[in-house]
Structure formats: C-alpha cells, structure tokens
Amino acid sequence: MRHKPRLSILRSLLFTYNIENLDDHERENFITSKNVNDEKELSELFDELTKPEFASYGYLERKWHIDTIGYFLRTDESFESVFHNFDTYFDDEIFDKRNFMKVLLDRLIKYNEEIKEHESKNLNLFNPPRGIFMQLSTQFKTHRMQFTCLNEATTRERISKKYIIDKKTQT
C-alpha cells in the first residue's frame, strides 16, 4: 500500500523537539546545546533523538516519511506549515527550513539503510543461502529413509518375535 505524501506526518516525527513533549531536562539541554542551522550539529541531534524514534517505525511508515520529505523537496515547498504553531526547544530559529528537511532526509535514508542491513543480517540466521536447502533436504530424505527402514525392520522384528512367541504358546 502506497501512502500519499503529507507534510502533517512530519510533525509526529519531530515531536521529540516539541515543548509539549514530556519534560526531560537532559533531552532539553541536549537540544538547546545544538545549533539547528549547522548541518553537523543538526545531524548529531537527529542521530541522538530522531534515530530511535524512526527505528521504531515499520518499513512502510519509514518509507512514507522518506518519500514525503523527498517529494516536497522536489517542489518549492517552504516547510513553514510543518513548524507553524510548533514550539520547539531549539534555541535558534530555523533559518532555512528546506535545508533542515534535507539534512533530516539524508539522516532518515541513512537510518533506513542501517535498519535494512541489520534486518537482513538477522534474517540470514533464519534464511540460509538457497543451495543449503537442497543439501538439507537431501540429508533429511536420506535420514528419513534410514529411519523408515529402521522402523520397518524394528516392526518386522517385533512381528516375527511375536509370531515366534505366539507359535511357542500354541504348542
């Protein structure tokens, strides 16, 4: 399912920086210590506070955020509506909101790649290379055949023992 780009979804992602967010003095101090108009400091801010939030989203929701920012960056959107009536802990006013969103987009793409890489490593534990299934399948069939033969032999043995015992009791 593909979601349409909507700027309103970005407010939830940026809620970490909103003063209406629960009081956390350590987080507040960290936010105010950064210059949001400096790309390096802004990246550090996103790495510390936005990355965990973004990582908690499912694949489609992460893609929706990335696609939304990318879509509006390709237009002449100023992103004023994202920050309208959105009081933040930032000490500085965001002078270039488009650049802010570009830095955010770059970080989200990076986080998404890290998440996908991490997920693929974890999946490889459960999804070994395709050729191994043929090997395991062949081994399983061999063991199953051996087990079946063993069971049949054991069953024949039991039947023949029972037959011998029954013969002895009859005489």
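This report describes the fold, the nonpolar core, selected residues and the main pocket of one protein model.

The model is predicted, so local features need a pLDDT of at least 70 and side-chain atom pairs count only at pLDDT 80 or more, while totals for chains, interfaces and linings use all residues. Residues are numbered from 1 along each chain as its sequence is written, and side-chain values use heavy atoms, with hydrogens and water left out.

**Overall fold**

The protein contains 7 helices and 0 strands, and its pattern along the sequence reads α-α-α-α-α-α-α. Helices (H or I, at least four residues) and strands (E, at least two) are DSSP runs, numbered from the N terminus. Of the 171 residues, 29% are buried; buried denotes under 20% relative accessible area, exposed over 50%, and partly exposed in between, with a 1.4 Å probe and protein chains only. Of the contacts between residues at least 6 apart in sequence, 74% join residues at least 24 apart, where contact means heavy atoms within 4.5 Å.

**The nonpolar core**

A nonpolar core is a set of buried Ala, Val, Leu, Ile, Met, Phe, Trp, Tyr and Cys residues joined through side-chain atoms within 4.5 Å. The largest such core has 34 residues, and Leu 14, Phe 100 and Met 101 have the most contacts inside it. Two or more residues come from each of helices H1 (8-13), H3 (39-55), H4, H5 (80-83) and H6 (97-126); H6 gives the most, with 8 residues. Leaving out residues up to four places away in sequence, Met 101 touches Leu 10, Leu 14, Ile 69, Leu 73, Phe 79, Val 82 and Phe 83.

Phe 83 itself belongs to helix H5. With the same exclusion of residues up to four places away, Phe 83 touches Leu 14, Ile 94, Lys 97, Phe 100 and Met 101. Its C-alpha atom is separated by 9.6 Å from that of Leu 10, although the two residues are 73 apart along the chain.

**Helix H4**

Helix H4 (residues 59-73) has 15 residues and reaches 21 Å from its first C-alpha to its last, close to the 21 Å expected at 1.5 Å a residue; the expected span is 1.5 Å times one less than the number of residues. Among its buried residues are Arg 62, Trp 64, His 65 and Ile 66. Beyond its neighbours within four places in sequence, His 65 is in contact with Ile 9, Leu 10, Ser 12, Leu 13, Phe 54, Tyr 57 and Leu 108.

**Selected residues**

| Residue | Place | Relative accessibility |
|---|---|---|
| Asn 18 | loop between H1 and H2 | 5%, buried |
| His 65 | helix H4 | 1%, buried |
| Phe 79 | loop between H4 and H5 | 0%, buried |
| Phe 83 | helix H5 | 12%, buried |
| Asn 85 | loop between H5 and H6 | 63%, exposed |

Most residues other than glycine have a negative phi. Phe 79, however, has a positive phi near 65°, and Asn 85 has a positive phi of about 55°.

**The largest pocket**

The largest pocket has a volume of about 180 Å³. On a 1 Å grid over the protein atoms alone, a pocket is an open set of points where a 1.4 Å probe fits, with protein on both sides within 12 Å along at least five of seven lines; lining residues have an atom within 4 Å of a point. Grid points are joined across faces, edges and corners, and a volume is the space filled by probe spheres set on the points. The lining comprises 14 residues, of which Arg 2, His 3, Lys 63, Trp 64 and Asp 67 lie nearest the centre. These 14 residues divide into 6 nonpolar, 3 polar and 5 charged; Ala, Val, Leu, Ile, Met, Phe, Trp, Tyr, Cys and Pro count as nonpolar, Asp, Glu, Lys and Arg as charged, and the others, Gly among them, as polar.
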